[in-house]
Amino acid sequence: MSVLIKGGRIITAADDYVADIYVEDETVSLIGESLDMSADKVIDASGKYVLPGLVDPHTHLDMPFGGTVTIDDVESGQTAAAFGGTTCHVDFIIQPQGSSFADAIADWRSKANGKQVIDMGYHMAVTDLHEGGSLEELATLPDEGITSYKLFMAYKGALMVDDETLFRTMEVASETGALVMVHAENGDVIDVLVRQALEAGNTEPLYHALTRPPEAEGEATNRAIQLARLAGAPLYVVHVTCREAVEPIARARDLGWDVWGETCTQYFFNSLDDIAKPNFEGAKYVYSPPVRDKSNWDVLWNAVRSDTLSAISTDHCAFLWDGQKSLGKDDFSKIPNGGPGLENRLHMIHEFGARAGRISLNRMVELLATSPAKLFGLYPKKGTVAVGSDADLVVFDPEKKLTITASSQHSKTDYNLYEGTEVTGSPEVVLMRGNVLVEGDELVASPGIGRYVARAKFGQELRARSAVA
């Protein structure tokens, strides 16, 4: 199918100009002014932005956690993503205790078969190197296109690994071209604080945040940075929330160390005020690391503006407030951790980042598309608008007004973290590899159109051969 997009304002991480785009055989084949070409579909983008399809490097779809399973499976989660302008994401395979990595991969791939609306890759979350996967098996994953290893420094008794496992995985990454990702919170300290809170009779959602203090995130972030430096491995710290974690990342980057960090949309907008809401309303804001004091909002905006933090993800991990979060009605430690967000990342960052003057449009594209694509082995196939790149394109109406509500969202969850927020600017047409996914308010593609993407090793570029059905 050929597509001609006429007269749009093309915005990439580096450029901003008006031109036409001609798409053929799933890729951008020509960019120029006033292209006189026939096409199967012509899109008038006059007065609109044309952005690269967004890349979300941090999602959890159809994931067992906290005694239940995230409410969004691959189809519903990716549908929400598509309506939000995200055309590729990297989901987490969670290695079950005692499971080989090969079995975990097969399980996660089976969850996606026939359901994919957008393209996706995988990270491997390493939880067991004793009775499950081996270091030798782990070392083979980058050759299969799984080029990032995730380790949890929190969730004691569930997903948390010890420092030996963390360091040994970093050593493997340094040898195999993988990027190490860490959930950086001190799980031992948190475990003590949670038990103390419950023993004192403090069971409300607010205590989820109070028992996971910023110092626990800062300590774990610094520890991971130092261990990665010792192992010679590149490090990516996920969902950074506070000054205590930003500062060690900034120091490492100033020294030229191979350290990167991300934050997530919700940490710019949710705070302790939200998780303290009465009548269990605060449970909607239970995710980890937790919401912080509002003073950290400016810290995060400064960090993404200065490239101390290099990406904004969603950590989409959606549960029903009524029926899943309520598992912890009488005990905050039993509330499934996670929140939704795949659909509204661009809405929120465009409105309160670019439109508010906190970041440029180019930087917005870099944070939401280009930098994640580069860090996770998807660039230049993904994350930019260029001849030869996948025709993942978002025709974005910068003047369209929208009120964000759970009632109109495409996630299966029953609430929205940004309920009632009014924004200006929303995707009008979303294409993936030249296929129209979303047009107006309608999903026009069918599940199954998305593909698994085998990613390039860290620091390398992705070419066409890496995309498979």
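This section describes the overall dimensions, nonpolar cores, pockets and cavities of a predicted model.

The protein chain contains 12 helices and 21 strands. Its radius of gyration is 21 Å, close to the 23 Å that the globule rule gives for 469 residues, so the chain is as compact as a globular protein of that length. The C-alpha trace spans about 70 × 50 × 45 Å along its principal axes. Of the 469 residues, 61% count as buried. Contacts distant in sequence feature strongly in the count: among those between residues at least 6 apart in sequence, 76% join residues at least 24 apart.

The interior was then examined for nonpolar cores. The largest nonpolar core has 123 residues, and Leu235 and Met364 are those with the most contacts inside it. When residues up to four places away in sequence are not counted, Leu235 touches Met170, Leu179, Val180, Val182, Ala224, Ile225, Ala228, Asp258, Val259 and Trp260. Another core, of 17 residues, lies apart from the largest one, and its members include Val3, Ile5, Ile21 and Leu393.

Open spaces in the model were considered next. The largest pocket has a volume of about 590 Å³. Its lining is formed by 28 residues, of which Phe65, Tyr155, Lys156, Ala158 and Ser333 lie nearest the centre of the pocket. Two or more lining residues are given by each of β7 (64-65), α2 (101-112) and α5 (187-199). The largest share, four residues, comes from α5. By residue class, the lining of this pocket divides into 14 nonpolar, nine polar and five charged residues.

The second largest pocket has a volume of about 260 Å³. Its lining comprises 18 residues, and Glu343, Leu402, Ser408, His410 and Asp441 are those nearest its centre. The elements that give two or more residues to this lining are the strands β16 (393-403) and β17 (422-432). Of the elements, β16 gives the most, with three residues. Here the lining is made up of five nonpolar, 10 polar and three charged residues.

Enclosed spaces were treated separately from the pockets. Rolling a probe the size of a water molecule over the atoms shows where empty space is left. The count comes to three cavities of 30 Å³ or more. About 150 Å³ of space lies in the largest cavity. This cavity is lined by 16 residues, of which His60, Phe152, Tyr155, Ser288 and Asp315 are the closest to its centre. Seven nonpolar, seven polar and two charged residues make up the lining of the largest cavity. Tyr155 is thus named among the residues closest to the centre of the largest cavity and among those nearest the centre of the largest pocket.

The second largest cavity has a volume of about 60 Å³. Its lining consists of His316, Pro340, Gly341, Leu342, Glu343, Asn344, Gln409, Ser411, Asn416, Leu417 and Tyr418. These residues divide into four nonpolar, six polar and one charged. Glu343, which lines the second largest cavity, is also one of the residues nearest the centre of the second largest pocket.

Conventions. Residues are numbered from 1 along each chain as its sequence is written. This is a predicted model: local features need pLDDT of at least 70, side-chain atom pairs count only at pLDDT 80 or more; totals for chains, interfaces and linings use all residues. Side-chain values use heavy atoms; hydrogens and water are left out. On a 1 Å grid over the protein atoms alone, a cavity is a set of points where a 1.4 Å probe fits but cannot get out, and a pocket is an open set with protein on both sides within 12 Å along at least five of seven lines; lining residues have an atom within 4 Å of a point. Grid points are joined across faces, edges and corners, and a volume is the space filled by probe spheres set on the points. Ala, Val, Leu, Ile, Met, Phe, Trp, Tyr, Cys and Pro count as nonpolar, Asp, Glu, Lys and Arg as charged, and the others, Gly among them, as polar. A nonpolar core is a set of buried Ala, Val, Leu, Ile, Met, Phe, Trp, Tyr and Cys residues joined through side-chain atoms within 4.5 Å. Buried means under 20% relative accessible area, exposed over 50%, partly exposed in between (1.4 Å probe, protein chains only). Contact means heavy atoms within 4.5 Å. The radius of gyration is taken over C-alpha atoms; the globule rule is 2.2 Å times the number of residues to the power 0.38.
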